[in-house]
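Dear colleague,

Please find the structure below, handed over for your own inspection. My findings follow directly after it.

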Amino acid sequence: MSFPPPPPTTVVSDPHEIANVAGAAGIRYLLEASEGLPLDVLVNLPSCVPASHLSSSGARLAAADLLPYLEHPRVLGLAEFMNVPGAVNGEADAVEKLLAFRGRPIDGHAPGVRGRTLAAYAAAGPWADHESVAPDEALEKLAVGLFVFLREGTAARNLEDLLPAVNPATAPRLAFCSDDRHPAELLGEGHVDHMLRRAVAGGVDPLLALRMATLSAAEAFGLRDRGAVAPGRWADLVAFDDLEGFAVHAVWFRGRKVAERGRALFSGGPQADESAVRGTVAVDLARLDLAVPARGGRMRVIVAREGQLITEEARLEPRVEGGRAVADPGRDLAKLAVLERHGNGGRYAVGFVQGLGLERGAIAGSVGHDSHNLTVAGMDDASMRTALEAVARAEGGYAAALGDEVLAVVPLPIAGLISDEPIEVVHAQMEALLGRTHERLGARSRDPFMQLAFLPLEVIPHLKLTDRGLVDVDRFELVDLWV
C-alpha cells in the first residue's frame, strides 16, 4: 500500500549537512529557500562544522559564526552536538558553543554513551538524543533527563527495537524522528505517519503514539505554542481517517487548509540565491591512486550491517594480487575510498569494507556524512574511478559503474546533497539507480548508497574511513590500515 507523505505543520531542521559544504552561506540558503512556506521550517544551528578534527569539511563554524543567527525568528537553538569528548572533557571550542546556547534547545548525539560519560554529557547542555538502538539505552538517557527520539530512517531502523521503552510514564519524553530517509520510503511508506502505524502495530496505545508525534516533539524543542489542540495554540492540524492506518484526510496550517488527500492546495514557493551552493565538487581525480600495497599481516576492515549506522571492526587477511591488496567478492570485501572534494587540499584515504553486498563494479556518492566528501566502494579500481568521474561531472550525486560504463546517475547539484527536481523525479532516478545496481552489480542490500553515505561518519562507532584515514571512533583517533 502506498502512503503519500502528508505535509507536516512544523519541521525542526539542522542545516548541518549543507553547512559542512558551504558554511554560513549554506545556512542562509536554507533559511531563504524555506521562507513563507505553509509550514514552519525552524532551524537549530549546526554545532559541529566540521564534525571533528578527523575529517575535512568545506567550512569551519565557531560559536562567533553562529551568534548572528540567534535573532532570526525561525532559529531555535543548537543542533545535534556530536563532539561528545569535547563536551565531556570541557574542550574550549565545545564549551564556548554550549554556553552561547544555554537556555535554548540543544539537540544531542550520543550513540552508545552510557554511565558517568552520559551524565557528564547531559550536564554539559544537550536536551535530547536520537541515537539509541536498545530499550535500556533509551531508558538510561531518559533517566539523566534527556528527551529521546525513536528513529526510523532508511539506513537506521531502530523503532521496533525501542518500542518496549514506550509506556504512559515515558511517552511525554519520547518522540519520533527519521534522521535520513530516501524518496522511495517517503513516497511508499510516509514519514512520521509511517512511524505512527509501526508503533501502533507494535502494541503502543494510539493516543500515546500521537502524543509522541505532536506534543512530546514540540516540548522537546521548547515550542509551547503548538503540539496540542488547545486555546492559545496555533491551529496546525492533521485529520486522520482512523487511529490505525493513520491515512491523512487533510492538513491545516494556521487554520488554513493546505492539503487534502495527498494533494497540495497551494502553489509556488520561495526563491533563494543558489550561487554559494552550486559547483561544490572540486576534485582532481588525476592525482588519485587507489592501489593498496600489501605490507603483510592483517587489515582493519569496516563491517557494515544493513539497517544500522554502527559499524564493527574485523581484522582480515587480504587478498593479494601483484603485491597489492584488492577487493574480494567471495568475502563481500570491497575497496573503499574517501576523497576530499571541497578544494581544501585534495586528501584521500583508501580502506576496505565488508557488508555492502556488491558482487562487481562500484558505487559512489557526494553524500558522505558529515563532511560530505566523495565516497566510493567497489570491486575493481576501474569501476571505482568511473563512478567517481560520473559524480564529479554531475556536480554531486550518486552513481553506479561497471568498468568504464556508467550504469546510472542521480544528480544532486545543490551542495552535492540536494536535487533541484521534484521528489517524484528524484524517486524515479533513485529507483533506476538501485535497479541497475542490483541487476548489474549483484547488490544484495536494499539500499547500498545509504549504507555508503554513513561509512565516513567518524562520530558513530566503531570504525570509519574519512579523507584523513581510518578512524577508531572509540579511541577517537586515526589508526593504520595494517595491524
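The lining of the second largest cavity consists of six nonpolar, two polar and two charged residues. This is a predicted model, and the volume of that cavity is computed at about 60 Å³. Its lining residues are Pro111, Glu131, Val133, Arg151, Ala156, Asn158, Gln308, Leu309, Ile310 and Ile460.

The largest cavity holds about 90 Å³ of space. Gln308, Leu309 and Ile310 appear in its lining too, together with Ala155, Ala304, Arg305, Gly307, Thr311, Met450, Gln451, Phe454 and Leu455. By class, seven of these lining residues are nonpolar, four are polar and one is charged. The count of cavities of 30 Å³ or more comes to six.

Turning to open space, the second largest pocket contains about 310 Å³. Its lining numbers 18 residues, and Pro50, Ser52, Arg60, Asn83 and Asp93 lie nearest the centre. Helix 5 (residues 92-100) supplies the largest share of this lining, with three residues. The lining divides into ten nonpolar, four polar and four charged residues.

Arg151, one of the residues lining the second largest cavity, also belongs to strand 6, where it is buried on one side with Phe147 and Phe149. On the other side of strand 6, Val148 and Leu150 are buried, so that both faces are covered. Because five of the five residues of strand 6 (residues 147-151) are buried, this strand is largely enclosed by the rest of the structure.

Strand 6 has parallel pairings with two strands. With strand 5 (residues 128-129) it pairs over two bridges, and alanine 128 stands opposite phenylalanine 147. With strand 7 (residues 174-177) strand 6 pairs over four bridges, and here leucine 150 faces phenylalanine 176. Helix 7 (residues 135-143) joins strand 5 and strand 6 in a right-handed β-α-β unit.

Helix 10 (residues 192-201) packs against this region: its buried residues pack against strand 6 and strand 7, and also against helix 8 (159-162), helix 11 (206-213) and strand 8. Seven of the ten residues of helix 10 are buried, so the helix is largely enclosed by the rest of the structure. The buried residues are Asp193, His194, Met195, Leu196, Arg197, Ala199 and Val200. Just after helix 10, glycine 203 adopts a positive phi of about 105°.

Strand 8 is also part of an open sheet of four strands, which runs in the order 8-9-10-11 with antiparallel pairing. Strand 8 (237-240) and strand 11 (263-264) are at the edges, each with a single partner strand, so one side of each has no neighbour in the sheet. The partner of strand 11 is strand 10 (residues 256-260), and the two pair in the antiparallel sense over two bridges. Alanine 259 is placed opposite alanine 264 of strand 11.

One further residue deserves mention. Threonine 375 is located in strand 19 (residues 374-378). Is threonine 375 buried or exposed? Its relative accessible area is 0%, and therefore, with the cut-off for burial at under 20%, threonine 375 is buried. Leaving aside residues up to four places away in sequence, threonine 375 touches Leu336, Ala337, Val338, Ile363, Ala364, Gly365, Gly368, Leu452 and Pro456.

With kind regards

Methods: Residues are numbered from 1 along each chain as its sequence is written. This is a predicted model: local features need pLDDT of at least 70, side-chain atom pairs count only at pLDDT 80 or more; totals for chains, interfaces and linings use all residues. Side-chain values use heavy atoms; hydrogens and water are left out. Buried means under 20% relative accessible area, exposed over 50%, partly exposed in between (1.4 Å probe, protein chains only). Contact means heavy atoms within 4.5 Å. Two strands pair if DSSP finds at least two bridges between them. A crossover is right-handed if, with the strands pointing away from the viewer, the path from the first strand over the helix to the second runs clockwise. On a 1 Å grid over the protein atoms alone, a cavity is a set of points where a 1.4 Å probe fits but cannot get out, and a pocket is an open set with protein on both sides within 12 Å along at least five of seven lines; lining residues have an atom within 4 Å of a point. Grid points are joined across faces, edges and corners, and a volume is the space filled by probe spheres set on the points. Ala, Val, Leu, Ile, Met, Phe, Trp, Tyr, Cys and Pro count as nonpolar, Asp, Glu, Lys and Arg as charged, and the others, Gly among them, as polar.
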